[in-house]
Amino acid sequence: MNDRRGFIKLGLAGTAALVTGCITRQEDEATSGQAAATLAIPGPIVLSTWKHGLPANAKAWEVLGQGGSVLDAVEQGVAVVESDLTNRSVGLGGMPDRDGRVTLDACIQDHGGRAGAVAFVQRFEHPISIARAIMERTPHVMLVGAGAERWALENGFTPRDVEIPEVRKAWNDWLKESRYQPVANIENHDTIGMIAMDASGQLAGSCTTSGMAYKVHGRVGDSPIIGAGLFVDGEVGAACATGVGELVIRTAGSHTVVELMRHGRSPEEACREAVRRIVKQNPQLEGMQVGFLALRKDGAHGAWSVFNGFNYALNTTAGEQLVDAGHDRTLKA
Ligand code: SD4
């Protein structure tokens with residue numbers, strides 16, 4: 001069985017060659033670890049989850065092209081998606097919790113392991129920037145809820161009220177049955193995780209989300225948790241996750257992926273093994289998508305997900321692509 005990897009032809013600043021056409025990914029390539037994505041690529045390289053990773057990567061690439069740091073790139077890259085009020089799982093345009101409130105989670109980590117995170121915050125457009133500020137201006141890694149909001153206010157972040165009629169209507173419709181049921185790749189698929197390496201080999205990562213739609217008020221997913229939604233180790237590589245956060249937290253997903261790479265697995269094999277552990281722990285996985293994305297410090301990269309449908313945006317000096325990840329199970333159409 002073949003998976004198709006969509007290839008997009010795009011010009012990138014400073015790019016010598018444009019890549020065109022389609023490539024086909026053989027299932028057995030993944031099994032033997034010989035998939036094209038496992039080959040080393042010199043930086044810069046930027047990867048991020050899902051299709052909205054394309055504009056995010058474009059921004060990150062621009063930042064790197066202008067001499068910005070890789071930390072600037074992963075912050076400003078995902079901030080583009082946070083500002084997109086048509087996006088229903090990142091930023092203030094995201095789906096609310098069961099109380100009708102949009103609560104946001106984010107984290108960021110650099111090459112040296114410094115990290116910042118914010119969880120369960122409301123009314124701020126850029127949780128990723130709050131996370132970075134926590135990393136840089138406090139001795140802490142994570143602030144949550146009202147305390148995080150107060151800290152953000154005191155540190156120059158301006159709250160913003162957003163009311164989106166379509167989102168309000170969807171929540172009111174949902175209230176009629178109030179049934180919390182994740183659907184793979186449908187309502188919850190827009191979290192953005194970004195991992196990147198600059199030309200000098202410095203790594204960084206970011207992750208930001210409004211979390212699972214209609215979650216319990218106060219619920220925090222994997223996305224702001226270092227080791228779950230994101231993990232960066234400058235000696236090895238970086239990984240991020242998307243999907244049902246509870247499954248990722250229980251397996252320390254992104255940390256698992258990086259540790260597997262440390263012990264010699266290719267990025268794709270590491271993601272596949274992290275998915276295998278989730279599948280083993282949770283035989284009843286209906287609708288429960290999880291996807292991992294990994295970057296090794298030599299630029300090799302890969303991804304794997306429980307179900308088909310997970311893709312990621314990839315920028316290298318050769319161009320920009322949207323790549324379908326390998327997967328364990330196929331959803332019925
Ligand atoms: C969460 N991992 O809050 C996030 C949701 C997500 O794609 O990634 N959706 O559990």
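User: Why are helix 8 and helix 9 called oblique to each other?

Analyst: Helix 8 (residues 253-262) and helix 9 (residues 267-281) pack at an angle of about 135°, with their axes 8 Å apart. Axes are lines fitted to C-alpha atoms, for helices over the stretch in contact, and angles run from 0 to 180 degrees between N-to-C directions. Angles under 35 degrees count as roughly parallel, over 145 as roughly antiparallel, 65 to 115 as roughly perpendicular, and the rest as oblique. The two helices are therefore oblique to each other.

The model is a predicted one, in which local features need pLDDT of at least 70 and side-chain atom pairs count only at pLDDT 80 or more, while totals for chains, interfaces and linings use all residues. Residue numbers start from 1 along each chain as its sequence is written.

User: Which residues of helix 8 and helix 9 meet?

Analyst: From helix 8 they are G253, T256, V257, L260 and M261, and from helix 9 they are P267, A270, C271, E273, A274 and R277. Contact requires C-beta atoms, placed from the backbone, within 7 Å of each other. The helices themselves, like the strands, are DSSP runs numbered from the N terminus: H or I over at least four residues for a helix, E over at least two for a strand.

User: What do helix 8 and helix 9 pack on?

Analyst: They pack on an open sheet of five strands with the order 9-10-11-12-15 and mixed pairing. Strand 9 (230-233) and strand 15 (326-329) are its edge strands, each pairing on one side only. Helix 8 touches strand 9, strand 10 and strand 11, and its direction makes about 145° with that of strand 10. Helix 9 touches strand 10, strand 11, strand 12 (301-307) and strand 15, at about 20° to the direction of strand 12.

User: How do you know that strand 10 and strand 11 pair, and in what sense?

Analyst: Two strands pair if DSSP finds at least two bridges between them. Strand 10 (residues 237-243) and strand 11 (residues 290-296) have seven bridges, in the antiparallel sense. One partnership is that of T242 with G291 in strand 11.

User: How many bridges does strand 12 make with strand 11 and with strand 15?

Analyst: Strand 11 and strand 12 share five bridges and are antiparallel; L295 has H301 in strand 12 as its bridge partner. The hairpin of these two strands has four residues between them, and its G299 takes a positive phi near 95°. Strand 12 and strand 15 are parallel, with three bridges; F307 is bridged to R329 in strand 15.

User: Why is strand 12 called largely enclosed?

Analyst: A residue is buried if 20 or more other C-beta atoms lie within 10 Å of its own, exposed if 12 or fewer, and partly exposed in between. Seven of the seven residues of strand 12 are buried, so the rest of the structure largely encloses this strand.

User: Is helix 3 enclosed or in the open?

Analyst: Helix 3 is largely enclosed by the rest of the structure, because 11 of its 13 residues are buried. Among them are V70, L71, E75 and E82. The cover includes helix 2 (53-65) and helix 4 (127-137), with strand 3 (45-49), strand 4 (104-110), strand 7 (192-197) and strand 8 (203-209). Helix 3 runs at about 20° to strand 8.

User: Is helix 6 enclosed or in the open?

Analyst: Helix 6 (residues 165-177) lies largely in the open, because the number of buried residues among its 13 is one. The residue that follows helix 6 is S178, with a positive phi near 50°.

User: Why is one side of strand 6 and of strand 14 left without a neighbour in the sheet?

Analyst: The sheet in question is open, with eight strands in the order 6-5-4-8-7-3-13-14 and mixed pairing. Strand 6 (142-144) and strand 14 (319-324) are at its edges with a single partner strand each, so one side of each has no neighbour in the sheet. Within this sheet, strand 7 and strand 8 run antiparallel, joined by six bridges, and M194 stands opposite S206 in strand 8.

User: What makes S223 count as buried?

Analyst: S223 has 32 C-beta neighbours inside 10 Å, so by the cut-off it is buried. S223 sits in the loop between strand 8 and strand 9. Leaving aside residues up to four places away in sequence, S223 touches several residues, including D105, T191, C207 and G245. The C-alpha atoms of S223 and T242 are 7.6 Å apart, with the two residues 19 apart along the chain.

Definitions and conventions
Two residues are in contact if their C-beta atoms, placed from the backbone, lie within 7 Å.
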